[in-house]
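Please open the model in a viewer and follow the selections below in order. The tour begins with the whole chain and ends at a single side chain.

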Amino acid sequence: TKKLLKLSAGVFVFTLISVFLIPGLSSAAYRLFNYEKDFSAPPAFIFKITPGNKEITKGDNVFIKIQIVGKQQENLILYTKSTEQSEPSEIKLIQDSLGYFTNELVSLKSSTDYYAEAGGLTSDTYKISVLNRPIVTSFGLTIIPPSYTGQPATTQKDNGNVSALPG
């Protein structure tokens with residue numbers, strides 16, 4: 001048993017030395033001990049998209065600017081899908097002299113999702129939320145004059161003109 005113990009210890013020490021000194025084995029051991037970690041290769045490029053998610057007022061325009069960081073792509077497709085559409089629309093974009101892909105969505109009437117695709121990679125999906133313009137449906141105010149004036153409080157409704165004592 002002592003002979004088996006010495007042999008086992010020798011094999012264990014040899015294995016440890018091999019794992020830490022041989023570059024390929026140390027990487028393999030790291031992956032083996034960290035099995036829950038993702039070791040997939042990074043993408044060839046990433047998308048930088050502005051404005052990202054945004055809230056606008058109905059009828060406004062939105063300027064979308066896309067930059068590719070990493071391996072450059074000549075063409076890019078911008079997909080837009082409003083709430084009324086069942087399938088997204090394709091807009092083919094070409095890179096400008098500064099390296100950006102740009103497009104302006106004109107006079108948006110409903111919320112729209114958009115994303116970009118190039119070189120087999122797809123960006124995150126962003127949402128442009130379209131809000132209705134605020135409308136004043138009624139206007140009312142109560143004027144309470146100082147007590148030394150002897151005037152009663154008055155209420156004015158649906159009138160933008162305020163008549164009260166100055167000061």
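Colour the protein by secondary structure: this predicted model contains 2 helices and 11 strands. Traced from the N terminus, the order is α-α-β-β-β-β-β-β-β-β-β-β-β, with both helices ahead of the strands.

Next, display the C-alpha atoms alone and orient the view along the principal axes. These atoms occupy a box of roughly 115 × 50 × 35 Å. The radius of gyration is 33 Å, whereas a compact globule of 167 residues would have one near 15 Å.

Turn on the surface. About 12,600 Å² is exposed, and 57% of that area comes from carbon and sulfur atoms. Of the 167 residues, 23% count as buried.

Select the charged side chains. There are 16 positive and 14 negative ones, and 13 Å separates the centres of the two sets.

Now hide the surface and turn to the interior. Which residues of the largest nonpolar core touch the most other members? Select F47, I49, I64, I66 and L76, which hold that place among its 20 residues. At least two residues of this core come from each of strand 1 (45-50), strand 3 (62-70), strand 4 (75-82), strand 6 (100-105), strand 7 (112-118) and strand 9 (126-131). Strand 3 contributes the most, namely 4 residues.

Finally, centre on F47. Beyond its neighbours within four places in sequence, F47 contacts I66, Q67, I68 and L76, together with A116, E117, A118, L121, T122 and S123. For the chain as a whole, 50% of the contacts between residues at least 6 apart in sequence join residues at least 24 apart.

Technical notes: Residues numbered from 1 in each chain as written. Predicted model: local features only at pLDDT ≥ 70, side-chain atom pairs only at ≥ 80, totals over all residues. Heavy atoms only, no water. Rg over C-alpha atoms; globule rule 2.2 N^0.38 Å. Buried < 20%, exposed > 50% of the residue type's maximum accessible area, 1.4 Å probe, protein only. Contact = heavy atoms within 4.5 Å. Areas by Shrake-Rupley, 256 points an atom, 1.4 Å probe, with all protein chains shown as cover. Lys, Arg positive; Asp, Glu negative; His and termini not counted. Charge placed at Lys NZ, Arg CZ, Asp CG, Glu CD. Core = buried A, V, L, I, M, F, W, Y, C linked by side-chain atoms within 4.5 Å.
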